[in-house]
Amino acid sequence: MLDPKLVRESPDLVRTAIARKHLTVDLEAVLAVDTAWRAQLQEVEQLRATQKAANSAMAALPKGSPEFVAKVQEMKAVSAQVKERDATLKVTEDKFREAMLGLPNLPHASVPDGAGPDDNVVHATHGDVNAASPHALPHWEIPGFERLFDFGRGAKVTGAGFPFYIGDGARLVRALLSFFLDEDAKAGYVEVNPPIFVNAASATATGQLPDKEGQMYETTPDHLYAVPTAEVPLTNFFRDEILEEAALPVKRCAYTPCFRREAGSYGKDVRGLNRLHQFDKVELLKWVHPATSYDELEKLRADAERLLQKLELPYRVLLMCGGDLGFAQSKKYDLEVWGAGQKRWLEVSSCSNFEAFQSRRAQIRFRSRESGKPELVHTLNGSGLAVPRVLAALLENNLQADGRVRLPAALVPHFGKEYVSF
RNA sequence: GGAGAGGUGGCAGAGUGGUCGAAUGCGCCUGACUCGAAAUCAGGUGAGCCCGCAAGGGUUCCGGGGGUUCGAAUCCCUCCCUCUCCGCCA
């Protein structure tokens, strides 16, 4: 959510931001609701002031006295009026909130212009894509793939997109998670093991609700939501709290399975491990002082990149353009790993600065040393990393002539051996 | 899952229909005292929103929501959570 004062006082800024994100929002309607809301609020508050004054006066009067009785009669009318106007106000307030929630976050000045994915800027490329294994295959075509990653039985037991990981497949998942968490801990992120179901209030604070409920799995009869990412429980950890400035930046990481219903499917994008309804991911989260959030974004990106470097995987960093930025982000980098078999870039991390967009909605603040007053923190998050696509890239890029997969040195201690056999 | 108790400011803890954003204590901040500190004394010390250039004014918030009433922290309904005991259980 944006600062209502900013919208009110600098609507042109917001208009420009909406245009840069290539979204269409009726800002005039938002401003009109705002004006109406404030007028109604003032009216109700004035009536309440009348009530309170009468209250104090009545407290000093003898209960049964004629003055008292007269006052009661008089205030009955005011009371009825308050009730009526307050009901109207609440309706307007809901509209106002809804309108505010419909406004996207402002892109940062350093975000390039562009309409969509084709306009993203390649910020950096690491590793040699052309030096890929001559034996590379799309991972789902590797002989014996289904023995380690059983999609058929997963579909029988649960549904498409819920594979079983078996033997070295399961062991690889565990090794990657262990590697990620250990590395993230070294970078100063405190490991958290959060709940993987969240309530509606939490899903609302991070923006999954009210618009995207179709993308989450919901439980009955308790109406909890299976987390689409650890970002949701992690960000909500400090919801409605005021942190000490000295505690910032707070850095945490969490592994959770992630559950996504993903309404549409996109042909070859969904083959093999590329796109699943359930997958494993380690998420990095930071709560930072507003003055430092863009430095912190660069550090966050570096922390995620280091993981790919240690895994010796070729990857590139995309700086997302305005049109591909996403609703809530001010600035975002995507990390894409090279799948030598598919000959495609696979997104494995998305590192974003949300500025105060999430923290305003979630009311996460810190007490400013300077002013002594609470201020909103900036929140950042990024994957560190998503397992299945990293796994896919490892399998494809490191496939040997003998059909085995050789693992990078960094992973060997976690996996316990150097080769994966199918 | 069953029975009981309870949710009040940073913490502890009063308040059971009116002048209560809320006593008191602790904590914290400022000042006095001191070479400095402790102790002591005095004062201050919640968050949000609206109006206002500001000074300031108004209003909301006592777990959430709804109701009764001229008026609710206080009465009623409902949901959530915590604690104690019992049951079940990885």
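The following paragraphs describe the RNA-facing surface, one helix, one internal cavity and two individual residues of a predicted model.

In this predicted model, RNA strand B is surrounded by 26 residues, of which the closest are Arg38, Asn55, Ala59, Lys76 and Ser79. Of the atoms of RNA strand B that come within 4 Å of the protein, 75% belong to sugar and phosphate. Two phosphate approaches involve side chains: a polar side-chain atom of Arg38 lies 2.5 Å from a phosphate oxygen of the strand, and a polar side-chain atom of Lys52 lies 3.3 Å from a phosphate oxygen of RNA strand B. The protein backbone also takes part, since a polar backbone atom of Val72 is placed 3.5 Å from a sugar or linking oxygen of RNA strand B. Two or more residues of the surface near RNA strand B are given by each of helix H1 (4-9), helix H3 (27-60), helix H4 (66-101) and strand E13 (364-367). The largest share of this surface comes from H3, which provides twelve residues. When the residues near RNA strand B are sorted by class, 13 are charged, nine are nonpolar and four are polar.

Helix H7 comprises the 19 residues 168-186, and the distance from its first C-alpha to its last is 26 Å, close to the 27 Å expected at 1.5 Å a residue. The buried residues of H7 include the nonpolar side chains of Leu172, Val173, Ala175, Leu176, Leu177, Phe179, Phe180 and Leu181. Asp168, Gly169, Glu183 and Asp184 of H7 are buried as well. Just after this helix, Gly188 adopts a positive phi of about 100°.

Two of the buried residues of H7, Glu183 and Asp184, reappear in the lining of the largest cavity, together with Ala187, Asp303, Arg306, Leu307 and Lys310. The count comes to one cavity of 30 Å³ or more, and the volume of the largest cavity is about 40 Å³. At least two lining residues are supplied by each of H7 and helix H10 (293-310), with the largest share, four residues, coming from H10. By class, the lining of this cavity consists of five charged and two nonpolar residues, with no polar ones.

Two further residues were examined individually. Lys281 is located in strand E9, which spans residues 278-288, and its relative accessible area of 4% is under the 20% limit, so that Lys281 is classed as buried. The side chain of Lys281 makes polar contacts with two other side chains, that of Thr229 at 2.8 Å and that of Glu283 at 2.7 Å.

Pro249, by contrast, is found in a loop, the one between strand E7 (241-244) and strand E8 (250-259). With a relative accessible area of 34%, Pro249 is partly exposed, because this value falls between the 20% and 50% limits that separate the buried and exposed classes. The C-alpha atoms of Pro249 and Ala59 are 51 Å apart in space, and the two residues are 190 residues apart in sequence; Ala59 is one of the residues closest to RNA strand B.

Note on methods:
Residues are numbered from 1 along each chain as its sequence is written. Chains are lettered from A and ligands numbered from 1 in the order in which they are written. This is a predicted model: local features need pLDDT of at least 70, side-chain atom pairs count only at pLDDT 80 or more; totals for chains, interfaces and linings use all residues. Side-chain values use heavy atoms; hydrogens and water are left out. The expected span of a helix is 1.5 Å times one less than its number of residues. Buried means under 20% relative accessible area, exposed over 50%, partly exposed in between (1.4 Å probe, protein chains only). A residue is near a molecule or strand if one of its heavy atoms lies within 4 Å of it. A polar contact is a pair of N or O atoms within 3.5 Å; within protein, one must be able to donate a hydrogen and the other to accept it, and residues adjacent in sequence count only if both atoms are side-chain atoms. On a 1 Å grid over the protein atoms alone, a cavity is a set of points where a 1.4 Å probe fits but cannot get out, and a pocket is an open set with protein on both sides within 12 Å along at least five of seven lines; lining residues have an atom within 4 Å of a point. Grid points are joined across faces, edges and corners, and a volume is the space filled by probe spheres set on the points.
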